[in-house]
Amino acid sequence: MYKIAVLPGDGIGPEIVPEAVKVLEVIGRRTGIEFQFTEALVGGAAIDARGQALPPETLDLCRQSDAVLLGAVGGPKWDALPPEERPETAALLPLRKELGLYANLRPAYLFEPLAEASPLKREIVAGTDLIIIRELTGGLYFGPKKREKAGTGEVAYDTMLYSTAEIERIARLAFDIARRRRCHLTSVDKANVLTSSRLWRDTVESLKGEFPEVTLEHMYVDNCAMQLVRRPTRFDVIVTENTFGDILSDQASVLTGSIGMLPSASIGGSTALYEPVHGSAPDIAGQQKANPLATILSVAMMLKYSFKMDGAAAAVEAAVGRVLAKGYRTADIYVPGTVLVGTAEMGALVRQELQEG
Ligand SMILES: NC(=O)C1=CN([C@@H]2O[C@H](COP(=O)(O)OP(=O)(O)OC[C@H]3O[C@@H](n4cnc5c(N)ncnc54)[C@H](O)[C@@H]3O)[C@@H](O)[C@H]2O)C=CC1
Ligand SMILES: CC(C)CC(=O)C(=O)O
Ligand SMILES: [Mg+2]
């Protein structure tokens, strides 16, 4: 029996998360493995109900669970709160830090039927299969920060701070993942300007002797942003700083058709967390327009990484592939000639394929 903490959060979270839970229920029935789901409050929903974005009982539940499934947090309703109370900075970042989740795995894989859904040309995106390994508990989002009065105005700063140990552990993980894929690792930094990037580059470089089968290259983040849309198939594994990885993965999602297709796994602690790469999408929340596939593919990652159920993970991915091949699309990946469906309908189609497959 596996215990799963379910944190729907805000915006489209409560629409997409149930679809992923129901996929796990099908897997449970198919394999005889019991998944026990316990729901908890996080983000704006927790602020409204409990007065704090990450209630202690939510954190306790996550610590006691075998895996965490998260929707997304944040939205205009809570944007005016002081930074230390906002859903993003008071729930999401502390949750990742408290659980020790220093590595965020963000695969950008193009399901072939979606080549036309990308605004980029088919010949550019065809064959896209890369993974961004984003450092998740250090860097610019976690370094010392301040905003204060200065003269007639204000000054503010954030700090991109890394230790050798933090860079070594994420780099080793990235080398290891590259070793199991196509043996090509791109370390992305801004070492021509940033001191922390120079430490990053020196540290990654110092480890390459441990992984002789992996080809290592270094690339500046601005160039990487450009190469990603110019020739995405040149990339296999990308390892990078927290903020750089956050930005580059949203960009990489466009190669796959939509940000609604990009799953993620945050690992490194005793309990891993799985969530779509996108946010709470307040512009479409409550309208059954959200694409649940990023969240469904996130539970495929849960099956693989937390429960070592590689066959079940592959079955979920294959079911998603077949639904797309049959022409069903949520609005974000719709093109003329395909069949427009809503969030729950897309979830039901995946479950049907899983049951039949
Ligand atoms: N992990 C998390 O909890 C994250 C939370 N956020 C928060 O989410 C809120 C909204 O942020 P945005 O910058 O608008 O980013 P967003 O990722 O929520 O939305 C960006 C655009 O992508 C679309 N989109 C996102 N997910 C989609 C899906 N599953 N299906 C179809 N379309 C989808 C949205 O409709 C929107 O047009 C903010 O409060 C932000 O801080 C943002 C990113 C991650
Ligand atoms: C609050 C942000 C750090 C969330 C985000 O954009 C992400 O993790 O992708
Ligand atoms: Mg992001």
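Me: Which strand does Arg-106 lie in?
Reply: We're looking at a predicted model here. Follow the chain to residues 103-109 and you'll find Arg-106 sitting in that stretch, which is strand E4.

Me: Is Arg-106 buried or exposed?
Reply: Count the C-beta neighbours inside 10 Å and you get 25 for Arg-106. The cut-off for buried is 20 or more. So Arg-106 counts as buried.

Me: Which strand is Arg-134 found in, and is Arg-134 buried or exposed?
Reply: Arg-134 belongs to the run of residues 129-135, strand E5. Arg-134 has 29 other C-beta atoms within 10 Å, so its label is buried. That gives you strand E5 and buried.

Me: Which residues does the UniProt annotation "binding site" cover?
Reply: Two of them you've already met: Arg-106 and Arg-134 are on the list, and Arg-106 touches Arg-134. The record is an unreviewed entry, and its full list is Arg-96, Arg-106, Arg-134 and Asp-222.

Me: How far apart in space are they, between C-alpha atoms?
Reply: In sequence they are spread over 127 residues. They are spread in space as well, with C-alpha atoms up to 26.6 Å apart.

Me: Which helix gives the most to the largest nonpolar core?
Reply: That core has 110 residues, and Ile-133 is one of those touching the most other members. It draws at least three residues from each of domain 1 and domain 2. The top contributor, with nine residues, covers 293-305: helix H10.

Conventions. Residues are numbered from 1 along each chain as its sequence is written. Chains are lettered from A and ligands numbered from 1 in the order in which they are written. This is a predicted model: local features need pLDDT of at least 70, side-chain atom pairs count only at pLDDT 80 or more; totals for chains, interfaces and linings use all residues. UniProt positions are given in the numbering used here, feature names are shortened, and annotations may be inferred rather than shown by experiment. Helices (H or I, at least four residues) and strands (E, at least two) are DSSP runs, numbered from the N terminus. A residue is buried if 20 or more other C-beta atoms lie within 10 Å of its own, exposed if 12 or fewer, and partly exposed in between; C-beta atoms are placed from the backbone. Two residues are in contact if their C-beta atoms, placed from the backbone, lie within 7 Å. A nonpolar core is a set of buried Ala, Val, Leu, Ile, Met, Phe, Trp, Tyr and Cys residues joined through C-beta atoms within 7 Å. Domain bounds come from an automatic or database domain assignment.
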